[in-house]
Amino acid sequence: MFEAKGKVEIFKRIVEVVSVIVNEVKFNIKDDGFHIKAVDPAHVAMVELNIAPQAFNEYNAEDTELGVDLDKMESIIRLGKGNDEMDATYDEDSERLVIRIGNLVRKMTLLDVSTMPDLKIPNLQFPAKVELLADDFLLGIRAAQSVSDYVVLTAEKDSFELSAGTQEEINQKFSKEQLLSLECKDKSRSLFSLDYLSSMMKGIRSGEKLAIFIGNDYPVRIEFETLDGNASVAYLLAPRTEIE
Amino acid sequence: MFEAKGKVEIFKRIVEVVSVIVNEVKFNIKDDGFHIKAVDPAHVAMVELNIAPQAFNEYNAEDTELGVDLDKMESIIRLGKGNDEMDATYDEDSERLVIRIGNLVRKMTLLDVSTMPDLKIPNLQFPAKVELLADDFLLGIRAAQSVSDYVVLTAEKDSFELSAGTQEEINQKFSKEQLLSLECKDKSRSLFSLDYLSSMMKGIRSGEKLAIFIGNDYPVRIEFETLDGNASVAYLLAPRTEIE
Amino acid sequence: MFEAKGKVEIFKRIVEVVSVIVNEVKFNIKDDGFHIKAVDPAHVAMVELNIAPQAFNEYNAEDTELGVDLDKMESIIRLGKGNDEMDATYDEDSERLVIRIGNLVRKMTLLDVSTMPDLKIPNLQFPAKVELLADDFLLGIRAAQSVSDYVVLTAEKDSFELSAGTQEEINQKFSKEQLLSLECKDKSRSLFSLDYLSSMMKGIRSGEKLAIFIGNDYPVRIEFETLDGNASVAYLLAPRTEIE
C-alpha cells in the first residue's frame, strides 16, 4: 500500500538525482519514507537516496517495493509545472503505478522487483572530509574535462585540490578558508573518471552544499541534502587505478 | 491586384497556422480577405484559414490567386520583429510576390496555381462540440505521445475524454465544469493519429480557445480564432480505424 | 615576458573576434598591446586585431610571440563569468600560457611560432566608405543567405546597397540618410561569399558601428571598435569573380 501527494517538483528531483546513475531502480517504500539504493550498469557508481514523508503533502505507505523505469516516470512528470500537485498511488489490482497531475492520469507498468536484489552499500572509513558549494566543485570538474578523462582529488591538512592532465593541465586548489569545512588526518589522494563525476554533478543543483569524503586510492562519497532538507543523497564512485 | 500592409506578426501567424499541414498553398485573395484551404500530402489533414482585411493596416485586393511556398516566405518573415511593419505586394509584371520589411526587399517567385485545384472541405455534421483552452488539450496530447501513436477522443453528455495506450495508459477526463462548454447528443468516440494532432497543436498558441467537434468513427474539426479575432482557423483530421 | 589581468569578458571577446576566421593564431605582444593578424586556411579572409593595454586592469609585456590554439583557450574562458577577474601569464620555464580564474589554473601548451610567419595585410585604396550599425548590415546578410551563396555590395554617391539572387531576390538599399556616413567617389560594386561574410558577422556584436570600405571587384574591409574603444578590429575579404 502506497500513496504520496506532493508538488511535481518533489518527484522531478527524485528522478533527476537517481537517473544520472541508472534508469531502472527499486523504490523501497516504508512508513518512514522512500529509500533508493542503486548502482550503475558497470558497477562503478552508486546512489543512495532517502526521502522523509515530510517532503510530501500527504504520505501513506506500508512496506512496498516498486520497480520503476525512471524514463517512463520522467515522460509524464515533465508535463507538470513544478508547483502542480501530483499524486502517485500503487494500484495493487493492476500492479501499476498511477500518477495524477490535474485531470491527467498515467498508469505505468512496473518492473519485476524479484530480479532486483537489495544493494549493499559498502561500509567505508574515510580519512578526509571536505565541505564546499556545489558550484565551486562543478567549475573544477568542467575545467578538468577540457584536458583529460580523469581527475585527481587530493585532501591535505590545509587544502583540497582537484587536478587533471599533465602538459595540458588544470588545477583548482582550495585553501581551508575557501572551504565550508575541512577535516583531514592523512593526505588522501585518489583518481576518478570524469565521465562518472560529471554525470553525478547533473544530479546536484546550484547552491547545494556538498560533503565530499575521500581516501587514498579509495572511493569518493559525495553527500548533499535537497528538497528543503527532507531528502539526503549520497553518490559513491570507485577510484581508477593510476596509469604511470 | 493585391497589397497588404501590417505587422510582421500577422504574416508570421499565417505561415505558422498553415505550414503545420502543408508547405505549398494557394492564397485565395479577395476584397473580403485571404482564404486558404489546404490538405496535407497524405490527404489526411486539412486546414481552412480566413483572414479579414481588418487584420492588416492597409489592404487592397481584387480577386487574385497566389501559389506560395511557405518555407520561402518564412525565411524572410523571421528576420523581422513581430512589431515591424511589413508590406506584401503582388507584382504582376514579374509575377512575383514582393515583401518589404524596413529597407529590406524580398522578391519571391510563385507556384503555378493552375495545378492547384480548389479544395473542397467536406460538409460534416458533428454530434458533439467541446470548448476548452488550448493548453489543457495540448497537455493531454503530449502525455498521450509518451505511451502511444494514437489517441481516442470521447465525448459524452457530461464529459470529454482523451485516452491512449492500454497497459501503459494515459487518460485525461474533463467534467462539464472543467470545459468552457459541452454539447453532446450521443456518445461520440473516434481514434486519431497523434502525429497529425500534435502537428496541428504547433499551429495553436497558448491561451487560444478551441472548439473541438467530434463524432463516432468520424473526423475531428478543431476551430479557433487568432489575430485578435480577425482570423478564423479550422483543422480537420480523418479518423483512424481502430485495430482490435 | 607577458602578464595581463582583466575581466574574463576581455579575453572572451578576443577569442570571439579572431576565431571566426581561424583557430590557430600568433599573438604579437608588445608593451603597447596585443596585435593579431591572421588569415583563414583558404587565404580568402583576414582579421587584424589591436588591443590597447588600457583594456586590461594590469598589463606587463616585453616583446613576446605566443602561438595560441583559440579552441583550447575558449574551453577554459567560457567557464568564467564575464565579470570574473582573469590572469594570463606566459611561463617561460614550461613554455606554457597560464590562465587563472579564481582558484582555477589552466596551463596551456603553445604552438610553435617559428612556423607562423608574420602576415602582411595588403595596403589597399578604397574608393568608397560606408558607416552603419552592425544590426542593419547583419539583417541584409541573413536575408541574402535565404536566396544565394553570394552577395553584391554596391556603393553609389547617395546610397549603399546589398543584393543577392536573381529570380529569388533580396535587396537592401540604404539612402545616405539611413547611414551613419557615406563617402563614395565612384560607383563601387563587388561580389562576396556569404559563407565568409556571415562568419565575420558572428565576430561583431549588436550595437557596434561598422565602417565598410569597398571598391570595384575589389576586397571589402570591415572595421569596428570593441571593448569600450580599447580594441580595433578589421576584417578583410577577397571578392568573388562574377559568373555571368
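In chain C, the loop between strand 7 (85-91) and strand 8 (96-101) is home to C:E95. This glutamate is worth a look in the predicted model, for C:E95 has a positive phi of about 55 degrees although it is not a glycine. From there, we can move on to a second loop and then to a sheet that draws strands from chains B and C.

**Two loop residues with positive phi**
- C:E95 is exposed, because its relative accessibility is 53% and exposed means over 50%.
- C:H43 sits in another loop of chain C, between strand 3 (33-39) and strand 4 (45-51).
- Phi of C:H43 is near 55 degrees, and this positive value again belongs to a residue other than glycine.
- With a relative accessible area of 60%, C:H43 is exposed too.

**A sheet built from two chains**
- Follow the open sheet strand by strand: its 9 strands come in the order 5(B)-1(B)-7(B)-8(B)-9(B)-13(C)-12(C)-11(C)-15(C), with antiparallel pairing.
- At the edges you will find strand 5 (58-61) of chain B and strand 15 (188-193) of chain C, each pairing on one side only.
- From one strand to the next, the twist averages 15 degrees.

**Where chains B and C meet in the sheet**
- Strand 9 (residues 104-109) of chain B pairs with strand 13 (residues 169-175) of chain C in the antiparallel sense, over 4 bridges.
- Within this pairing, B:V105 stands opposite C:N171.

**Helices across the strands**
- Helix 3 (residues 134-145) of chain C lies across strand 9 of chain B and strands 11, 12 and 13 of chain C, running at about 165 degrees to strand 13 of chain C.
- Helix 4 (residues 194-202) of chain C lies across strand 11 and strand 15 of chain C, at about 85 degrees to strand 15.

Terms used:
Residues are numbered from 1 along each chain as its sequence is written. Chains are lettered from A and ligands numbered from 1 in the order in which they are written. This is a predicted model: local features need pLDDT of at least 70, side-chain atom pairs count only at pLDDT 80 or more; totals for chains, interfaces and linings use all residues. Side-chain values use heavy atoms; hydrogens and water are left out. Buried means under 20% relative accessible area, exposed over 50%, partly exposed in between (1.4 Å probe, protein chains only). Two strands pair if DSSP finds at least two bridges between them. Axes are lines fitted to C-alpha atoms, for helices over the stretch in contact, and angles run from 0 to 180 degrees between N-to-C directions. Contact means heavy atoms within 4.5 Å.
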